Amino acid sequence: MLNIGSEKLPLCSGPSRRSFLTAGAAGIASLGLPLFEKLKAAGSVDEKKAKIKNCITIFLVGSPGQLDTWDMKPDAPENVRGKFKPTKTNVTGVQICEHFPLMAKMMDKVALIRSLHHKTGATHENGQRWMMTGHDFNADSVKPHIGSVVSRVFGPKGDLPANVILPGPIGNTGAGPLHGQTAGYLGSAHEPFFLNDDPAKNNFKVTDLEVPAGESASRLDNRKRLLEQVDDMQRRTETKSTTMHDAAYQRAFRLLTSTEAKRAFNLGEEKNTVRDRYGRNTFGQSCLMARRLIESGVRFVTVNHFDTVFNLSCWDMHADGGGLNNTYLDYERMLCPQFDWAYTALLQDLQDRGMLEDTVVAVLSEFGRTPQVNGRGGRDHYPAAWTNFLAGGNIKGGQVIGATDKIGSRPIDSPVEPPQILASIYHAMGINLDTTMMPGPGDRPVRLVEAEPIRQLFS
Amino acid sequence: MEQKFDGTPRAEVQLTGRKVTRGTVKDDWGLLIRWLIRKNGEEVATPPARANDSYEHPDTTAGTYTIVLQSWKYVSYVKDAKGEFTASQFVDISDVVSYSI
């Protein structure tokens with residue numbers, strides 16, 4: 001049987017993962033359609049019964065220090081414990097930083113994972129690749145973003161793309177362009193849709209959804225038909241790449257002409273009180289847009305909290321006196337409050353709308369920060385230990401998984417590696433990793449991620 | 001992408017005895033908000049105001065106390081040699097209320 005969400009689907013070739021490996025992927029690849037769409041079209045699956053979940057990932061570019069946020073060590077020496085104090089939460093025995101007072105009241109919904117670590121390098125990009133794809137990789141073997149994988153497996157619902165990244169892609173974080181936010185070998189049809197604009201701006205509009213000035217809708221339609229004729233000629237000589245191009249092109253046209261898409265991206269439809277509750281800033285309004293997009297049918301939304309680490313207040317707390325001069329003051333006055341306000345708004349809003357049980361909310365980052373405060377009062381990159389967390393879907397909140405030693409320098413209980421987080425997200429979205437494959441390089445069927453979900457996360 | 005902070009935050013505050021209470025912040029930037037308490041013109045406390053919308057200053061010694069709600073206003077990350085922000089700063093987002101003991 002092949003599982004899509006919680007549905008067991010018959011496979012023509014037999015019941016095992018092995019048999020799917022033998023027979024399933026060729027069919028998927030040859031048609032160039034999302035597996036889910038194929039099965040749905042064939043009447044094999046009912047999406048409502050499958051209970052397929054959505055996911056919003058908040059990516060904290062720059063990476064907060066674990067000792068200053070969600071894995072505090074108040075009994076450690078001063079140059080380790082830092083300047084902040086822990087506060088109690090609504091879960092007995094679980095404490096977090098005093099500068100997340102609203103999150104502290106919602107800890108019963110959140111599962112903290114305090115034992116994350118990786119070993120491939122201490123650049124931001126190493127961590128971004130791990131947490132966005134479940135792999136570290138180089139330019140010769142670019143792996144797909146988790147949202148692109150979801151897009152490939154399930155396809156879009158309606159006119160909206162399956163995978164959206166807000167407000168824009170990660171740019172310069174110091175060590176090259178491989179951030180793990182592309183579709184990789186899955187091709188252009190599954191590339192994330194980037195908003196590429198700031199939803200907090202007064203005059204915000206999605207550029208890609210605007211018909212160019214002087215261009216009428218009917219003229220656009222005529223152009224589409226002409227282009228289809230050209231493409232039809234091209235299709236006679238090309239196969240797979242044309243199919244990919246077609247899918248991307250059709251997606252772009254659907255977006256350009258869709259009333260549904262325009263509405264989904266229109267924050268002006270929200271009450272001012274709701275917009276205020278998320279925070280009138282780039283991050284807060286991106287979180288609000290993420291909720292709107294999920295509500296409208298997007299399956300996977302990533303919110304990048306910052307697109308760079310240079311020359312702005314961000315989590316990358318080196319206190320270097322130059323372009324990376326973030327300190328405790330940035331955490332206290334801007335970063336922690338901004339995150340606390342928007343994150344709790346998102347969880348509460350999803351719950352109030354009955355969407356939280358169908359939406360996994362993952363807060364991820366690249367690595368932790370050094371246990372010892374550096375000589376300038378900051379902390380530097382530290383991939384040997386950090387904390388991320390999940391909520392929503394079938395995640396069991398109010399728990400802590402894993403632990404670090406007395407100074408937050410290494411996991412001493414239930415160590416977790418990045419692929420396990422992705423496996424857990426897939427699992428929480430209702431994807432059975434043993435039976436759901438995708439076509440890899442050369443159309444070879446591959447597992448979505450080579451790890452098992454963290455079972456303790458699920459009730 | 002430059003970080004945008006839309007609008008100008010504003011909140012109503014009410015004083016009942018020594019207890020000050022704020023309403024919802026309109027056009028909230030979502031950053032740190034705090035009470036600024038001055039006694040006889042000198043800053044004496046800056047308790048956070050996000051999680052609770054009321055605050056009662058514990059000092060009951062004689063003097064004139066003023067209270068105003070403030071929000072952090074982010075302009076840039078730049079700091080001086082002492083580590084203080086040079087452009088970003090706290091700004092008042094309410095009227096000032098006062099009482100005397």
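A:Ser63 lies in the loop between strand 3 and helix 4 (78-81) of chain A. In this predicted model, A:Ser63 has a positive phi of about 75°, even though it isn't a glycine. Is A:Ser63 buried or exposed? With 29 C-beta neighbours inside 10 Å, A:Ser63 counts as buried, since the cut-off is 20 or more. Chain B has a residue to set beside it: B:Asn40, again not a glycine, has a positive phi of about 50°. B:Asn40 sits in the loop between strand 3 (33-39) and strand 4 (42-45) of chain B. Here the count is 11 other C-beta atoms within 10 Å, so B:Asn40 is exposed. One more backbone detail belongs to chain A, where the peptide bond from A:Leu166 to A:Pro167 is cis, with omega near -20°. A:Pro167 is part of the loop between strand 7 (163-166) and strand 8 of chain A.

Stepping back to chain A as a whole, its secondary structure adds up to 14 helices and 18 strands. Of its 459 residues, 49% count as buried. Contacts that link distant parts of the sequence are well represented: among contacts in chain A with a separation of 6 or more, 71% involve residues 24 or more positions apart.

Eight strands of chain A build an open sheet with mixed pairing, in the order 8-7-9-3-10-13-6-14. At its edges are strand 8 (193-194) and strand 14 (399-401) of chain A, each of which pairs on one side only. Strand 14 of chain A is joined to strand 6 (residues 110-116) of chain A by three bridges, and the two pair in the parallel sense. One residue to look for here is A:Ala111, whose bridge partner in strand 14 of chain A is A:Gln399. A helix also packs on this sheet: helix 14 of chain A touches strand 3 (54-60), strand 10 and strand 13 (386-392) of chain A, and its direction makes about 170° with that of strand 10 of chain A.

A:Ala111 turns up again in the largest nonpolar core. Which members of this core touch the most other members? Out of 126 residues, they are A:Ala111, A:Val301 and A:Ile425. Helix 13 (residues 328-352) of chain A supplies the largest share of this core, with 14 residues. Leaving aside residues up to four places away in sequence, the residues that A:Ala111 touches include A:Phe389, A:Leu390, A:Ala391, A:Ile395 and A:Leu457.

Helix 6 (residues 124-133) of chain A is a good place to look at burial. Nine of its 10 residues are buried, so this helix is largely enclosed by the rest of the structure. The buried ones include A:His124, A:Arg129, A:Trp130, A:Met131 and A:Met132. What covers them? The cover over the buried residues of helix 6 of chain A includes helix 7 (146-154), strand 10 (359-365) and helix 14 (418-428) of chain A. Right after helix 6 of chain A comes A:Gly134, with a positive phi near 85°.

Chain B has an open sheet of its own, made of three strands in the order 1-2-5 with antiparallel pairing. Why do strand 1 (13-16) and strand 5 (54-56) of chain B each have one side without a neighbour in the sheet? Both stand at the edges with a single partner strand, so one side of each is left free of a neighbour. From one strand to the next, the twist averages 20°.

Strand 1 and strand 2 of chain B form a hairpin with two residues between them, and B:Gly17 in the turn has a positive phi of about 65°. Four bridges join strand 1 of chain B to strand 2 (residues 19-22) of chain B. Across this pairing, B:Gln14 stands opposite B:Thr21, while B:Leu15 stands opposite B:Val20. Strand 2 of chain B also pairs with strand 5 of chain B, in the antiparallel sense and over three bridges, and there B:Val20 stands opposite B:Tyr55. In a regular strand the side chains alternate between the two faces of the sheet. In strand 2 of chain B, B:Val20 and B:Arg22 make up the covered face, and B:Lys19 and B:Thr21 the uncovered one.

Finally, the two chains meet: 30 residues of chain A are in contact with 22 residues of chain B. On the side of chain A that touches chain B, helix 5 (101-104), helix 12 (282-296) and helix 13 of chain A each supply at least two residues. The largest share, nine residues, comes from helix 13 of chain A. By type, the residues on this side of chain A divide into 10 nonpolar, 12 polar and eight charged.

Terms used
Residues numbered from 1 in each chain as written. Chains lettered and ligands numbered in written order. Predicted model: local features only at pLDDT ≥ 70, side-chain atom pairs only at ≥ 80, totals over all residues. Core = buried A, V, L, I, M, F, W, Y, C linked by C-beta atoms within 7 Å. Buried ≥ 20, exposed ≤ 12 C-beta atoms within 10 Å, placed from the backbone. Contact = placed C-beta atoms within 7 Å. Pairing = 2+ DSSP bridges. Axes fitted to C-alpha atoms, helices over the stretch in contact; angles between N-to-C directions. Nonpolar A, V, L, I, M, F, W, Y, C, P; charged D, E, K, R; others polar.
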